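Please look over the sequence and the model before reading on. The report takes strands, cores and ring contacts in turn.

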Amino acid sequence: MAPAYGSERPNLAKYPDQGSRKLGTMLCLVGRNLLTILSLLRNAGVCTPNAPPAADHLRCCAAQKIVRPPMKAEPMKKRILVTTAAATLAASVLIVPAAWAAPGVVTAGTAISVGSAPIDVAFSPDGTHAYVTNYDSNTISFINAGNDEVYDSLELPGSPRSIAISPDGGTAYVTMPAAEGVAIIALDTGAVGTLKVFGNPTSVAFSPLGNVAYVTNEFDSTVAVIDVAEGRVVDTIPVGLEPRDVAFSPDGAVAYVANYGAATVSVIDTQGAAVSKTIDLESSRTSAVAFAPNGETAYVSHEMGGVSIIDVATATYSGAGFAAGGSPSAVAVSPDGNSVYVTNRSDNTVSVFDVASNSVTETVGVGFEPLAVAFSPTGTVAYVVNISDYTVTPLTRTFSSNATASVSSAVTPGIFTTWLSDVNFEAVPFSHAEQTTTSGALLVVDDQTGLLAGWNVTLQSSALVWTSPSASVNAARDIPAGNLTVAPANEVSNVAGEPFSGASLGGSAALDSAVSVLSAPAGAGSGSYELALAFSLAIPANAPTGSYAGTLTTTFAAAP
């Protein structure tokens with residue numbers, strides 16, 4: 001998150017964008033542009049004046065469920081929304097080990113040169129790319145997060161401030177205060193559209209589901225609510241004076257707005273789209289806000305002070321917090337929830353706060369006037385944006401092993417990741433006969449922990465519960481979980497590392513119970529593997545039109 005500029009350079013805000021959200025899969029209406037897992041039935045035949053002179057910015061990042069070895073079964077669930085419209089399955093599962101030795105050692109890497117006056121940065125949900133807004137250049141810099149190199153840039157119709165990436169990774173929203181609008185960028189094609197948002201739009205955040213986005217309007221002291229599917233502002237919520245940052249809680253139930261001019265935080269009930277409470281932080285220049293991945297705590301930075309800590313369950317501030325460096329601006333929480341990074345604009349440093357010890361354990365030098373910070377989804381790297389020297393500083397965190405004196409003390413564990421690519425099912429019309437719809441997905445498993453503990457990845461679905469379009473009809477017409485099956489589409493592909501010597505799904509299996517789709521025994525599996533999967537859904541005869549909701553659970557456990 002970040003502080004405020006002046007009128008000549010707007011401020012930014014960041015959000016935890018799905019931080020700490022449970023891993024799994026979800027279905028939503030394609031017509032609503034939501035991530036979805038299963039596509040089902042279609043109706044038969046109906047198919048500021050007081051701001052300091054330097055730029056300010058806020059930042060928060062997405063977080064993922066953390067699992068500490070030795071491997072232990074960890075179910076990851078997400079709501080499935082099935083509708084009569086065509087939909088796509090988006091299953092994104094990312095598992096990283098918990099901190100091996102908190103808080104580790106944070107090191108600044110080689111600075112990455114970007115455009116003029118960079119203000120904000122955001123990672124793609126898969127962590128492979130990062131996007132930096134360059135206020136004076138009117139551009140977005142595209143960074144390959146694998147090698148920390150800029151590979152492209154995109155010109156915008158106004159000076160960009162805050163940037164948010166949609167949960168499916170396909171769209172970027174960028175605020176343009178001087179142009180009084182939001183740029184809507186299709187990241188696959190680079191196509192740019194604009195949406196008028198008045199009142200000096202500064203920060204932007206997507207809800208965890210991606211169906212709405214909130215934009216803070218500094219001059220109007222409001223938050224604009226954008227319906228993502230319709231691409232228009234559908235509501236405006238009055239908040240505190242000079243809102244500078246906005247962040248959604250991991251469950252999306254509330255959004256916190258940092259009000260720079262009032263030294264308060266407005267708590268927005270997202271269901272009612274209204275402020276339910278205002279939290280007085282007894283400080284000044286409230287510039288940024290970020291939620292912990294578990295949703296229990298929120299951190300708020302103050303340009304003239306340190307960082308306040310809010311209890312989210314009660315939405316209260318009891319005076320808890322910590323001192324950072326000079327002019328704290330942005331704040332971000334690591335995906336494992338163990339560390340909080342705070343950019344100190346006047347000190348050219350980042351304070352590293354260790355949650356367990358409740359203390360600042362490191363102060364790391366970065367570039368000139370750091371304004372924004374964002375963690376990659378795995379938490380192995382964070383990018384810090386330095387506005388005055390036009391650079392981004394990568395911060396990496398390494399962990400020492402428990403060995404007192406052995407070669408292993410020089411070997412740090414990597415991460416274990418597994419995810420499922422998007423699946424697109426064709427919509428089907430109402431029918432008096434049973435129907436089957438099929439699609440495919442790519443399962444990727446990459447074990448870089450070096451622990452040789454083995455692993456087992458399973459899938460399981462719940463029943464799909466029917467909701468009638470008519471409130472007067474409530475008969476239960478659920479689709480059983482056993483109607484959804486999965487089968488291998490080809491052999492396991494060895495992408496990198498040790499050759500695959502485990503086991504994969506041998507044939508078609510119903511997902512009404514946990515199905516092991518890929519596993520490696522202890523002592524093996526230290527590699528990157530891909531398995532193409534074929535999904536099939538049997539739609540019962542006379543299945544009524546409407547929506548069907550269920551859960552697809554992906555579980556990572558120890559070797560079988």
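What follows is a short report on selected features of a predicted model.

## Sheet E8 to E11

One open sheet has four strands, in the order E8-E9-E10-E11. The pairing is antiparallel. Strand E8 (118-123) and strand E11 (149-155) are the edges, each pairing on one side only. From one strand to the next, the twist averages 25 degrees.

E8 and strand E9 (residues 129-134) run antiparallel and are joined by five bridges. Phe123 has Ala130 in E9 as its bridge partner.

## Rings in this sheet

Ten aromatic pairs occur in the structure. One of them joins Tyr131 and Phe142, with ring centres 5.2 Å apart. Their planes stand at 85 degrees. Edge-to-face requires planes over 60 degrees apart, so this pair is edge-to-face. Tyr131 belongs to strand E9 and Phe142 to strand E10 (residues 139-144). The two are eleven residues apart, and the pair links distant parts of the chain.

Are these two residues buried or exposed? Tyr131 has 5% relative accessibility and counts as buried. Phe142 has a relative accessible area of 9% and is buried. The cut-off for buried is under 20%. Ring pairs also bring in Tyr151: Tyr131, Phe142 and Tyr151 are linked into a cluster.

## Hairpins E13 to E15

Strand E13 (residues 171-176) pairs with strand E14 (residues 181-186) over six bridges, in the antiparallel sense. Ala172 stands opposite Ile185 in E14. The hairpin of E13 and E14 has four residues between the strands. Glu180 in this hairpin takes a positive phi near 50 degrees.

E14 also pairs with strand E15 (residues 191-196), and here again the link is six bridges, antiparallel. Ile185 stands opposite Val192 in E15. Ile185 therefore has a residue opposite it in each of two strands, by the pairings of E14. The hairpin of E14 and E15 has four residues between the strands. In this hairpin Gly190 takes a positive phi near 80 degrees.

## Sheet E24 to E27

A further open sheet has four strands in the order E24-E25-E26-E27, with antiparallel pairing. Its edge strands are strand E24 (286-291) and strand E27 (321-322). Each edge strand pairs on one side only.

Inside the order, strand E25 (residues 297-302) pairs with strand E26 (residues 307-311). Five bridges join them in the antiparallel sense. Tyr299 has Ile309 in E26 as its bridge partner.

## Contacts of Tyr256, and a charge over a ring

Which ring pairs with Tyr256? The partner is Phe291, with ring centres 4.8 Å apart. Their planes are at 50 degrees, so the pair is tilted. Tyr256 lies in strand E21 (residues 254-259) and Phe291 in strand E24. The pair therefore ties together parts that are 35 residues apart in sequence. Both Tyr256 and Phe291 are buried.

Elsewhere, a charged end meets a ring. That of Arg244 sits over the ring of Tyr260, 3.8 Å from its centre.

## Nonpolar cores

In soluble globular proteins, nonpolar side chains tend to be buried together. The largest nonpolar core here has 29 residues. Which of its residues touch the most other members? They are Trp455, Leu511, Leu533 and Phe535.

Several strands give two or more residues to this core. They are strand E35 (416-425), strand E37 (435-447), strand E38 (455-461), strand E40 (484-488), strand E44 (515-520) and strand E45 (527-539). E45 gives the most, with six residues. Another core lies apart from this one and has 15 residues. Its members include Ala247, Tyr256, Ala258 and Ile279. Tyr256 is thus a member of this core and also part of the tilted ring pair with Phe291.

## A buried aspartate

Asp354 is found in strand E30 (residues 349-354). Is Asp354 buried or exposed? Asp354 counts as buried, at 4% relative accessibility. Its C-alpha atom is separated by 6.1 Å from that of Asn338. Along the chain, Asp354 and Asn338 are 16 residues apart.

Note on methods: Residues are numbered from 1 along each chain as its sequence is written. This is a predicted model: local features need pLDDT of at least 70, side-chain atom pairs count only at pLDDT 80 or more; totals for chains, interfaces and linings use all residues. Side-chain values use heavy atoms; hydrogens and water are left out. Axes are lines fitted to C-alpha atoms, for helices over the stretch in contact, and angles run from 0 to 180 degrees between N-to-C directions. Buried means under 20% relative accessible area, exposed over 50%, partly exposed in between (1.4 Å probe, protein chains only). A nonpolar core is a set of buried Ala, Val, Leu, Ile, Met, Phe, Trp, Tyr and Cys residues joined through side-chain atoms within 4.5 Å. Rings of Phe, Tyr and Trp (its six-membered ring) pair if their centres lie within 6.5 Å; planes under 30 degrees apart count as stacked, over 60 as edge-to-face and the rest as tilted. A charge sits over a ring if NZ of Lys or CZ of Arg is within 6 Å of the ring centre and within 35 degrees of the ring normal.
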